[in-house]
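User: I am new to this structure and would love a close look at one part of it. Could you start with a charge and a ring, and then show me what surrounds the sheets and cores?

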Amino acid sequence: MGKFRILPLIVLAALLAGACSTTRRLPEGEILYTGLKDVDINATEGEKFPDDVASELTGAVSVKPNNSLLGSAKIRYPFPLGLWVYNNWPNPPHGLKHKLFEWLSSEPVLVSDVRPEVRVHMLDDILDNNGYFSGTSSYELVQKKNKRKASILYKVNPGEPYLIDSIQLLPDTTHLYRLIDSVAKRSTWFKTGSCYSTDSLAALRVNIANAVRNHGYYFFRPEYIRYLADSIMNKGRIAMRLEVAENIHPWALDRFRTGEITTYIYRNKGGGTPDTVETRKGTLIRYMPSRLRDGLIPSCIAFREGRTFSVRQMNLTQSRLSRLGIFNNINISVAPDTTKIDERLLNVVIECTFDRPLEASIEANVSSKSNSYLGPGLVLGVTSRNLFGGGELLNVSLTGSYEWQTGKDRSSLFNSYEVGLKGTLAFPRLLAPRFIPRSRREINWTKLSLGIDVLNRPHYFRMSQFNAGISYDWQSSRYISNSFTLFKLSYTKLQNTTSVFDSIMGANPAIALSFQDQFIPQMSYGFTYDRKIGRNNTLNIQATVQQAGNIFWSIYELCGKKGEKNLFHTPFSQFVKGYAQVVYGRRLTGNIWLVNRVAAGAAHAYGNSSQVPYSEQFYAGGANSVRAFTVRSIGPGSYRAPADQVNGYFDQTGTFIFLANSELRFPILGPLEGAVFLDAGNVWTLRNEPSRPGGQLRGSTFLKDLATGTGVGLRFNISMLVIRGDLGIGIHAPYDTGKKGYYNMRSFGRSLAFHLAIGYPF
């Protein structure tokens, strides 16, 4: 046992010794590179050096040293194990020791490998490309006690930038030249007084090429645009002239129209007999046998024979066909029509290959909840594509999860479960009246759904819910999307309850009414406005309005039915509910964004109901709300559940909600991002409920009732997936904690809440 106790000390001593012996095997005259010290930009007094140019300069010289922390060029972790192994272990030519050496060792990064003299030239080129023609760069080695180690400090003196003094556009002689000039005039950076930048000019080339290709000039390329710059005529200023290259291909100057359109539909397994059909969007050739409605493919083709050819139409056609979800390969090609010499026509060939008609999926997960329940979940799904030949998608999924209680108070295992079966049939078109405004640029959907869910909560209840509905999703413009649920009928039945649950409901009659067996016949409309305004602003507005029971209530009233009204001998719920949120993002500098959200919602029961169903009420706290508090742990208002009520989140809901969030998002290293946030919010009841004192919404106590918290977060942004971890720190709890003052948290440790989630909170 004594040997095992001393072993950690020996390892620690070896690591400490390694910190002083990481240069022993360096070649003569070489220096170990220990990282980027800094990039010192000495801008002219009174001039603000552009952040994007500063980031480009830093990126050009950011070389990772040994034992780099998360890929950083500046920060290293303290124990250079790889270097220590490289310098102190023997490396046999073969065998286990050789493999261990290759696995643990790291070859030293030398200053000569970084080549700082070459990187200085790179810095000068970046300065020139951004209009700092008089700028200079240099470097120096920063060494401490060990002269065989050094970091690198780069010094940049940019000088004053050269500004564009005058611009000469193309002559107004052809349609193409007028189109190019109009794009150039709309540019925000190609104008007098702006700083010269080759990157901006290259971006303008691309913008011009994209614009003219959408107006029939399909063979035009960015490299056909040239710029002539004169910096001699006026010192410190640049005279610009826009030109078209002399070696431009003749076809690039011609405006093309769409010729013949031919679409091939191939079977998934290949083969088949071709069947040719003439449609309003060209010739359709299907390889039979296959199931496909005649009008489906033409409805996705944006081209029009004889009209000006546009690359935008090509992209739109590709997008529509892809969103059908029934093809695994889509290819669109164009070629000039050589049979009609007197016309400039482009023939279009579209090739689509069917995907497999059936697809099965399985998804497993593990959930850990704030109420001390932990357990696995499983989702089994089957998707049938192109069910009726019109691009229909049928999805059937079976979900199941088990949870058991952890901690010293657990009383049984596997006593909490949830099982659900859901089927959705989606049609890629609106089965609705034509007068509904819709965008022809996008695929619009009609969805039919049917589902059943059984939920068992230990010590409390077992509940079943059935639902069926029909809904529409469509876009009315480029920035506006809509969702309309024409009809959704839900039936909730509380099957079994325990004495503990009954006692809680007995003490809270309002909550008990929200749990009663009932039908919920709903109709709802959702609106989303999502737009990026310029380069520095984003705006997202969402609003949802829904009502339940009004149509049924009106029918009963017309028939003379008074009092409580039932559907299949069961009461149906009647309420209205609305929710809206505004999210505004502002780029402060570089990739640093300040994102703010304000949200509010209200629900009111009337007529056939005295309470809004529990599933339709609001709650606060959690990963997307006030992150310093766990889910359903605050509200309504200043009410707090009794301390002896285990998992007493049943009454932590309300019929009014308000949230305000502000979050500063910034990059750290590569896909790792950081955030600092401030949250405030709570839920309230619109009616006075004696069983929940302090829960009613009142103007005099509104600000005091707002739970507030701050915190920090990390996000791992991998393409379309964002994994988020937020640590919330409570500032103010709306209920009585026994402490006075606005900061009334009982202790710092008890004010912390950690949330792990997918996606941004708003």
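Analyst: The charged end of R25 sits over the ring of Y86, 4.5 Å from the ring centre. A charge counts as sitting over a ring when NZ of Lys or CZ of Arg is within 6 Å of the ring centre and within 35 degrees of the ring normal. Another arrangement of this kind involves R213, which lies over the face of Y218 at 4.9 Å from the ring centre.

A quick note on how to read all this: the model is predicted, so to speak of local features needs pLDDT of at least 70, side-chain atom pairs count only at pLDDT 80 or more, and totals for chains, interfaces and linings use all residues. Residues are numbered from 1 along each chain as its sequence is written, and side-chain values use heavy atoms, with hydrogens and water left out.

Y218 has aromatic company too: it forms one cluster with F219, W251, F256, F303 and F309. Rings of Phe, Tyr and Trp (its six-membered ring) pair if their centres lie within 6.5 Å; planes under 30 degrees apart are called stacked, those over 60 edge-to-face, and the rest tilted. The count of aromatic pairs comes to 31. In one of them, F519 and F568 are tilted, at 5.9 Å centre to centre with 55 degrees between the planes. F519 belongs to strand 19 (residues 518-533) and F568 to the loop between strand 21 (566-567) and strand 22 (570-571), so this pair ties together parts that are 49 residues apart in sequence. Are the two partners buried or exposed? F519 counts as buried, at 10% relative accessibility, whereas F568 counts as exposed, at 65%. Here buried means under 20% relative accessible area, exposed over 50%, and partly exposed in between (1.4 Å probe, protein chains only). F658 and F702 make an edge-to-face pair, 5.6 Å centre to centre and 65 degrees between the planes. That pair links strand 25 (residues 656-669), home of F658, with helix 14 (residues 702-705), home of F702, across 44 residues.

Now to a sheet. Strands 8-9-7-11-10, in that order, form an open sheet of 5 with mixed pairing. Strand 8 (273-279) and strand 10 (327-336) stand at its edges with a single partner strand each, so one side of each has no neighbour in the sheet. From one strand to the next, the twist averages 15 degrees. Helices (H or I, at least four residues) and strands (E, at least two) are DSSP runs numbered from the N terminus, and two strands pair if DSSP finds at least two bridges between them.

Strand 8 is joined to strand 9 by a hairpin through 2 residues. Strand 8 and strand 9 (residues 282-288) run antiparallel over 7 bridges, with E278 standing opposite T283 of strand 9. Strand 7 (residues 257-266) and strand 11 (residues 345-354), by contrast, pair in the parallel sense over 8 bridges, and Y266 has T353 of strand 11 as its bridge partner. Helix 10 (residues 311-323) packs on this sheet, touching strands 7, 10 and 11, and its direction makes about 160 degrees with that of strand 10. Such angles run from 0 to 180 degrees between N-to-C directions, with axes being lines fitted to C-alpha atoms, for helices over the stretch in contact.

Which residues touch the most other members of the largest nonpolar core? They are I180, F220, L321 and F327, out of 57 residues. Helix 8 (residues 198-213) gives the most to this core, with 6 residues. A nonpolar core is a set of buried Ala, Val, Leu, Ile, Met, Phe, Trp, Tyr and Cys residues joined through side-chain atoms within 4.5 Å. Leaving aside neighbours within four places in sequence, F327 is in contact (heavy atoms within 4.5 Å) with I265, I297, L321, C352, T353, F354 and D355. A second, separate core has 24 residues, including A60, V63, V109 and V111.

There is also an open, mixed sheet of 3 strands in the order 1-3-2. Its strand 1 and strand 3 (residues 149-157) pair in the parallel sense over 7 bridges, with D40 opposite K155 in strand 3. Helix 2 (residues 51-61) packs on that sheet, touching strand 1 and strand 3, at about 165 degrees to the direction of strand 1.
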